[in-house]
Amino acid sequence: MRKLIAVSLFATTAALTVGAAPALAQTNPTFTGPRVEATLGYDHTGAGSSVSNDNGRDDQKIDGLLYGGGIGYDIATSDNIVLGAEAELTGSTSKSGRNDYTSDFGFGRVKQGRDIYVGGRVGYVVAPTTMLYAKGGYTNAKLNVLAGDTNQTTDTDFNLDGWRIGAGAEHAVGPNSYAKLEYRYSNYERSNIDYATGGTSGRFDVDTDRHQVVASYGFRF
């Protein structure tokens, strides 16, 4: 249901962009039009609340630097309300240390891979050059897992499907440039495995949380 809500939000925003942009382009030109941006920030991934830490070690979280970029399109529906559609592609340096082999656990390492996000946002202009906004949409991330024992090593990718919500502030730096500060939370509920041999597993349930605090700098056209 959450995915359907996110997709519906994106579709509605896209339709407004195509149908209403010409008539509303002059309402608030500061936050109107296509944009492109670079993003950098803090990235934290961990087990969700339904996952127990049975091995007694605090190893079910990874932290690192998020980097990447995004595109978007915004339209002003009034002097204060802005609707937008956006997409983002990011990578991360987040990874765990490689655990030594034991008779119980073998060895392992988890590394955060690429993340794809598609969604929409709703903004409220609180000053001529400043907007506060909320966002939401669909996210797909990869986790690379290296595991093994004394006889065999496996290297697999987990594809995680989930949803994202967030909020932030955008400030117009110049006529065509802007800066953003944003927090977002993602939860991944479904996954499948891509094996190194080329095979793919069936889909299964997961519970993975992700928290990010990021800054972006972009340009409007």
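Start with the whole protein chain in a cartoon view: you'll find one helix and eight strands. Bear in mind that this is a predicted model. Trace the chain from the N terminus and the elements come in the order α-β-β-β-β-β-β-β-β, so the helix leads and the strands follow.

Now switch on the surface. The accessible surface of the protein chain is about 11100 Å², and 61% of that belongs to carbon and sulfur atoms. The chain has 221 residues, of which 42% count as buried. How many of the contacts between residues at least 6 apart in sequence join residues at least 24 apart? The figure is 66% for this chain.

**Stop 1: Arg164**

Select Arg164, which you'll find in strand S6. Is Arg164 buried or exposed? Its relative accessible area is 1%, and the cut-off for buried is under 20%, so Arg164 is buried. Show side chains here and look for Ser186: the side chains of Arg164 and Ser186 are joined by a polar contact of 2.7 Å. Next, bring up what else Arg164 touches, skipping its neighbours within four places in sequence. Among these contacts are Glu88, Asp115, Tyr117, Lys135, Tyr188 and Gln212. Gly136, Gly137 and Thr139 are also on the list, along with Arg184 and Tyr185.

**Stop 2: Ala169**

Stay in strand S6, which covers residues 153-172, and select Ala169. Ala169 has 29% relative accessibility, which lies between the 20% and 50% cut-offs, so Ala169 counts as partly exposed. Leaving out neighbours within four places in sequence, Ala169 is in contact with Met131, Leu132 and Tyr133, and also with Ala179, Lys180 and Leu181. Try a distance while you're here: from the C-alpha of Ala169 to the C-alpha of Ala134 is 9.0 Å, though 35 residues separate the two along the chain.

**Stop 3: Ser177**

Move along to Ser177, in strand S7. Ser177 comes out at 12% relative accessibility, so it counts as buried. Which side chain does the side chain of Ser177 make a polar contact with? Select Tyr217 to see the partner; the contact is 3.5 Å. With residues up to four places away in sequence set aside, Ser177 touches Ala172, Tyr217, Gly218 and Phe219.

**Stop 4: the cavity**

Time to look for empty space inside. Rolling a probe the size of a water molecule over the atoms shows where empty space is left. Here the count is one cavity of 30 Å³ or more. The largest cavity has a volume of about 70 Å³.

To find the spot, select Glu37, Glu86, Glu88, Lys135 and Lys180, the lining residues that lie nearest the centre of the largest cavity. The lining has 13 residues: eight are charged, three are nonpolar and two are polar. Colour the strands too, as S1 (33-47), S2 (61-76), S3 (81-92) and S7 (177-194) each supply at least two residues of this lining. You've already met two of the names here: Glu88 and Lys135 are both in contact with Arg164, and Lys180 is in contact with Ala169.

**Stop 5: Gly97**

Finish at Gly97, in the loop between S3 and strand S4 (107-127). Is Gly97 buried or exposed? With 53% relative accessibility, Gly97 counts as exposed. For a last distance, pick Gly97 and Val110: their C-alpha atoms are 7.9 Å apart in space, and the residues are 13 apart in sequence.

Notes: Residues are numbered from 1 along each chain as its sequence is written. This is a predicted model: local features need pLDDT of at least 70, side-chain atom pairs count only at pLDDT 80 or more; totals for chains, interfaces and linings use all residues. Side-chain values use heavy atoms; hydrogens and water are left out. Helices (H or I, at least four residues) and strands (E, at least two) are DSSP runs, numbered from the N terminus. Buried means under 20% relative accessible area, exposed over 50%, partly exposed in between (1.4 Å probe, protein chains only). Contact means heavy atoms within 4.5 Å. On a 1 Å grid over the protein atoms alone, a cavity is a set of points where a 1.4 Å probe fits but cannot get out, and a pocket is an open set with protein on both sides within 12 Å along at least five of seven lines; lining residues have an atom within 4 Å of a point. Grid points are joined across faces, edges and corners, and a volume is the space filled by probe spheres set on the points. Ala, Val, Leu, Ile, Met, Phe, Trp, Tyr, Cys and Pro count as nonpolar, Asp, Glu, Lys and Arg as charged, and the others, Gly among them, as polar. A polar contact is a pair of N or O atoms within 3.5 Å; within protein, one must be able to donate a hydrogen and the other to accept it, and residues adjacent in sequence count only if both atoms are side-chain atoms. Accessible areas come from the Shrake-Rupley method with a 1.4 Å probe; for residues, only the protein chains shown count as cover.
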